[in-house]
Amino acid sequence: MKAIILLGAPGAGKGTLAEGIRSSTDYLHVSTGDMLRAAIKAGSKTGLEAKAYMEKGELVPDGVILRIVGERLAQGNSTDKYMFDGFPRTLEQARQLDETLAKLGASVNQVFLLEVPTPVIVSRLSGRRICKGCGAVYHVTNIPSKVEGVCDQCGGALYQRPDDSEATVLNRLEVYQRQTASLIDFYEKKGILVRINAGTNPQAATAELMSKLA
Ligand code: ADP
Ligand code: ZN
């Protein structure tokens with residue numbers, strides 16, 4: 001089994017990069033954010049538990065996250081390669097992941113830290129728009145759709161994620177500093193942290209990551 005992690009502040013481009021890697025490798029993309037949004041849409045118990053936290057930009061409790069990730073791992077994947085996006089986000093999640101992988105005779109192989117200056121992050125998140133139909137990601141100025149508010153790929157309507165409003169964005173960045181940034185140290189000490197310059201554009205960041213993927 002192989003496991004890699006995409007680590008970085010909200011808006012660092014984890015989802016966009018994951019899409020690039022997924023399409024040119026056989027890693028399964030495991031995004032806890034996407035799983036939680038799907039749970040909310042489906043109105044499941046997990047969705048009900050997660051909704052209020054997400055709207056405020058707070059972290060969903062570790063127990064909920066570890067349950068959904070555990071369920072996903074239990075389903076398996078034919079290639080046995082996993083790319084975690086937005087997980088782990090706390091030391092507790094990181095430790096539990098290590099334990100789960102150890103039981104499977106595996107460990108985290110590489111952690112890619114996506115480095116982006118804060119002002120760039122704020123502008124990326126507050127301008128981000130997402131297709132209701134296919135989930136494609138746009139940006140009002142950086143990656144505009146051809147017709148405003150309409151997806152180029154499927155014609156679906158574009159919307160702003162409720163947690164991308166400016167006030168919530170600032171809170172998410174604070175939460176990242178308070179609860180997630182310590183993971184940088186945690187993985188650096190293990191010698192598996194790989195820094196990626198994600199402040200320019202997705203193509204460059206994807207190319208850098210692919211060249212460093214072991
Ligand atoms: P971003 O990285 O841009 O914040 P995500 O889609 O990864 O976007 O996460 C959106 C929200 O989902 C987070 O603000 C948090 O509320 C919740 N969430 C996602 N992953 C986790 C996690 N591993 N632990 C706790 N909460 C999470
Ligand atoms: Zn679309």
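These legends describe close-up views of a predicted model.

Local features are reported at pLDDT of at least 70 and side-chain atom pairs at pLDDT 80 or more, while totals for chains, interfaces and linings use all residues. Residues are numbered from 1 along each chain as its sequence is written, chains are lettered from A and ligands numbered from 1 in the order in which they are written, and side-chain values use heavy atoms, with hydrogens and water left out.

**View 1. The shell around ligand 1 holds 20 residues.** The closest are Thr32, Arg37, Glu58, Gly86 and Arg172. A residue is near the ligand if one of its heavy atoms lies within 4 Å of it. By class, the shell has 7 nonpolar, 5 polar and 8 charged residues. Here Ala, Val, Leu, Ile, Met, Phe, Trp, Tyr, Cys and Pro are nonpolar, Asp, Glu, Lys and Arg are charged, and the others, Gly among them, are polar. Helix H2 (residues 32-42) gives the most to this shell, with 4 residues. Helices (H or I, at least four residues) and strands (E, at least two) are DSSP runs, numbered from the N terminus. Domain 1 (2-116 + 169-212) and domain 2 (117-164) each supply at least three residues to the shell. The domain bounds come from an automatic or database domain assignment.

**View 2. Ligand 1 makes polar contacts with Thr32, Gly86 and Arg161.** A polar contact is a pair of N or O atoms within 3.5 Å; within protein, one must be able to donate a hydrogen and the other to accept it, and residues adjacent in sequence count only if both atoms are side-chain atoms. A ligand nitrogen sits 2.7 Å from an N or O atom in the side chain of threonine 32. At glycine 86, the partner is a polar backbone atom, 2.9 Å from a ligand nitrogen. Arginine 161 brings a side-chain N or O atom to 3.2 Å from a ligand oxygen. Taken alone, ligand 1 exposes 540 Å², and the protein buries 96% of that. Accessible areas come from the Shrake-Rupley method with a 1.4 Å probe; for residues, only the protein chains shown count as cover.

**View 3. A salt bridge joins glutamate 49 and arginine 67.** The structure as a whole has 14 salt bridges. Each is a side-chain nitrogen of Lys or Arg within 4 Å of a carboxyl oxygen of Asp or Glu. In this pair, the closest N and O atoms are 3.2 Å apart. Glutamate 49 belongs to helix H3 (residues 45-56) and arginine 67 to helix H4 (residues 62-75), 18 residues apart. Buried or partly exposed? Glutamate 49 is partly exposed, at 31% relative accessibility. Arginine 67 is also partly exposed, at 30%. Buried means under 20% relative accessible area, exposed over 50%, and partly exposed in between (1.4 Å probe, protein chains only).

**View 4. Arginine 195 forms salt bridges with glutamate 115 and glutamate 188.** The side chains of glutamate 115 and arginine 195 meet at 2.8 Å, N to O. Glutamate 115 lies in strand S4 (residues 110-115) and arginine 195 in strand S8 (residues 193-197), so this bridge ties together parts 80 residues apart in sequence. For glutamate 188 and arginine 195, the closest N and O atoms are 3.1 Å apart. Glutamate 188 is partly exposed, with 40% relative accessibility. Elsewhere, salt bridges that share partners join Arg128, Arg161, Asp163, Asp164 and Arg172 into one network. Glutamate 115 is partly exposed at 35%, and arginine 195 at 37%.

**View 5. Threonine 206 contacts the backbone of proline 202.** Threonine 206 is part of helix H9 (residues 202-212). A polar atom of the threonine 206 side chain lies 2.7 Å from the backbone oxygen of proline 202. Threonine 206 is buried, with a relative accessible area of 14%.

**View 6. Phenylalanine 87 and proline 88 share a cis peptide bond.** Omega is about -5 degrees. Proline 88 sits in the loop between strand S3 (81-85) and helix H5 (91-103).

**View 7. Aspartate 80 has a positive phi.** The value is near 60 degrees, in a residue other than glycine. Aspartate 80 lies in the loop between H4 and S3. Its relative accessible area is 34%, which makes aspartate 80 partly exposed.

**View 8. Valine 140 occupies a loop between two strands.** These are strand S6 (137-139) and strand S7 (158-159). Valine 140 is partly exposed, with a relative accessible area of 46%. Its C-alpha atom is separated by 36 Å from that of glutamate 71, 69 residues apart along the chain.
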